[in-house]
Amino acid sequence: MKKELLFVCGIAFCILFTQCQEADLLSSNEPISYQEDIVTEGIPIPEGGVEKEIMLWGNPAHVIETEDSYIFQHDIKLNKREIDSLNSIPDTRAALVQGRVWPNNIVYYKLGTGLAHPEYITEAMRHIESSTFIKFVEKTSNQTDYLEIIKVPYGDGVYSDYIGKKGGRQIVGLDGRENVGNVIHELCHVLGLYHEQCREDRDNHIIVNYDVMTSYSERYQYQKYSDRGENGYDYLNFDFNSIMLYPSQLKPDGFTMVRRDNNQPFTAQREGLSNNDILALKDKYPFQRIEILKPNIPLDGIVHVTTTYTFKATDYGKNIKYNWTFKNLNLETYLINGNKSSVPLYLVPDPTLTKDGTCETYVVCVDCPELYKSGQIFVDVPDGYILTDTPRTLPQRPREKDVI
């Protein structure tokens, strides 16, 4: 019995210790000791692939050209036809830059058939959602801009076909060798994050050993923003624990990257978003409040009881639903039936109110959990009147309470 108890306690300790290690890892910014068995993302360079400089998002970029793709930064498989088509249109730079953020913090997605590990995709999406203000919503027939995660032949790699929102159908390809961390990494590309080793300030923290790389197809993936002439920006400090960082790779003549402070190789973690990754995504997709348009209520004139006062929320799309509530300052809350982008409220005389010559202040609130957005405004109601969603009649009391 004692042996069994010790065994169970040992397992519990190991699990707790591992969880603590992972938590420390993601909150730390210290380099991780080199390991050889880290599974990272990437696309095998096909035979016949050639280096080429193209215009990408308004700036020169070095890529590997294949028959139907431009391979960028090792795990970005750009659609050659789409990129060439965009480059044929004058003055597309600003539109491309502005169009690379997903509106309303929502990524609509579709899962392809035959995926080896669909549960990894779900886990990766929930991980990002739990730490940021981003929402992944399964596509319906109404969305034309969406992400499709597809199965690709084994050995074709793990990749995205764009950085940020492309517009139209966008792809993440998985060949069955991926883990949850790899999926998180590619979803971060979809959301607009680049690789950590390509930051402008990376040379203050790591040394990139181009001399040990045997081909351009290796060297091109380590170019900084400035090498490509692109207007990127570094958020916070270089993060050795970013899920967007690649590890050192051992080549015959040495490591591809080493730490600047001690010339030692380092590895990359694929456990989850680091603290800096989370802050970067929150900076790119911040919490957004809903603006409420306050109707013109004639508080200083004659109140027309039969007049409808319509409160409107900023309309982010016909498919978005808002949950309205309103309450007076004694915290009695009324849930407004129906989810709409606007709601009519009425001023109704209430003989039960004590008339003391002062106004009653209501708070009109609207929130949209789907978008992590909310808003509120204050409305002063004339003495002797109440605000209600029921015209010309008194609300039933007590009404259902609702916590906002």
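In this predicted model, the buried residues of helix α4 are I121, A124, M125, I128, E129 and S131. The elements that cover these buried residues include the strands β5 (106-111), β6 (135-138), β7 (146-151) and β9 (169-174), together with the helices α5 and α8 (275-284). Helix α4 itself is built from 14 residues, and the distance from its first C-alpha to its last is 21 Å. That span is close to the 20 Å expected at 1.5 Å a residue.

One of the elements covering α4, helix α5, deserves a closer look. The axes of α4 (residues 118-131) and α5 (residues 180-191) come within 9 Å of each other and cross at roughly 55°. This angle makes α4 oblique to α5, because oblique is the class for angles that are not roughly parallel (under 35 degrees), roughly perpendicular (65 to 115) or roughly antiparallel (over 145). The crossing of the two helices is right-handed. On the α4 side, the contact is made by Y120, I121, E123, A124, M125, H127 and I128. On the α5 side, V180, V183, I184, L187 and L191 take part. Sorted by class, the residues in this contact are 10 nonpolar, 1 polar and 1 charged. Several α4 residues appear in both lists: I121, A124, M125 and I128 are buried and also belong to the contact with α5.

How many residues of α5 are buried? The count is 12 of the 12, so α5 is largely enclosed by the rest of the structure. The buried residues of α5 run through V180, G181, N182, V183, I184 and H185, and continue with E186, L187, C188, H189, V190 and L191. In length, α5 reaches 16 Å from its first C-alpha to its last, close to the 16 Å expected for its 12 residues at 1.5 Å a residue.

Helix α8 joins the picture here. Its buried residues are N276, D277, I278, A280 and L281. Which helices do the buried residues of α8 pack against? They pack against α4 and α5, and α8 is in turn among the elements that cover the buried residues of α4.

Seen as a whole, the protein has 8 helices and 21 strands. Buried residues make up 46% of its 404 residues. Among contacts between residues at least 6 apart in sequence, 70% join residues at least 24 apart.

Two neighbouring asparagines stand out in the loop between α3 (93-98) and β5. N104, placed in this loop, has a positive phi of about 60° although it is not a glycine. N105, which lies in the loop between α3 and β5, likewise has a positive phi, in this case about 65°, and is not a glycine. Are these residues buried or exposed? N104 counts as buried because its relative accessibility is 15%, and buried means under 20%. N105 also counts as buried, at 2% relative accessibility.

Strand β1 (residues 50-56) and the loop before it offer further examples of residues brought together across the sequence. E47 lies in the loop between α1 (2-27) and β1. With a relative accessibility of 85%, E47 counts as exposed, because exposed means over 50%. The C-alpha atoms of E47 and T66 are separated by 8.7 Å, and the two residues are 19 residues apart along the chain. Within strand β1 itself lies E53. Leaving aside residues up to four places away in sequence, E53 touches P60, A61 and H62. Between the C-alpha atoms of E53 and E65 there are 9.2 Å, with 12 residues separating the pair along the chain.

Two more residues round off the survey. S248 sits in the loop between α7 (225-228) and β11 (250-251), and is buried, with a relative accessible area of 4%. Measuring C-alpha to C-alpha in the model, S248 and A268 are 8.1 Å apart in space and 20 residues apart in sequence. F311, for its part, is found in strand β15 (residues 308-313). F311 is buried as well, with a relative accessible area of 0%. The C-alpha atoms of F311 and S342 are separated by 5.5 Å, while the two residues are 31 residues apart along the chain.

Methods. Residues are numbered from 1 along each chain as its sequence is written. This is a predicted model: local features need pLDDT of at least 70, side-chain atom pairs count only at pLDDT 80 or more; totals for chains, interfaces and linings use all residues. Side-chain values use heavy atoms; hydrogens and water are left out. Axes are lines fitted to C-alpha atoms, for helices over the stretch in contact, and angles run from 0 to 180 degrees between N-to-C directions. Helices (H or I, at least four residues) and strands (E, at least two) are DSSP runs, numbered from the N terminus. A crossing is left-handed if the near helix is turned anticlockwise from the far one by less than a right angle, and right-handed if clockwise. Contact means heavy atoms within 4.5 Å. Ala, Val, Leu, Ile, Met, Phe, Trp, Tyr, Cys and Pro count as nonpolar, Asp, Glu, Lys and Arg as charged, and the others, Gly among them, as polar. The expected span of a helix is 1.5 Å times one less than its number of residues. Buried means under 20% relative accessible area, exposed over 50%, partly exposed in between (1.4 Å probe, protein chains only).
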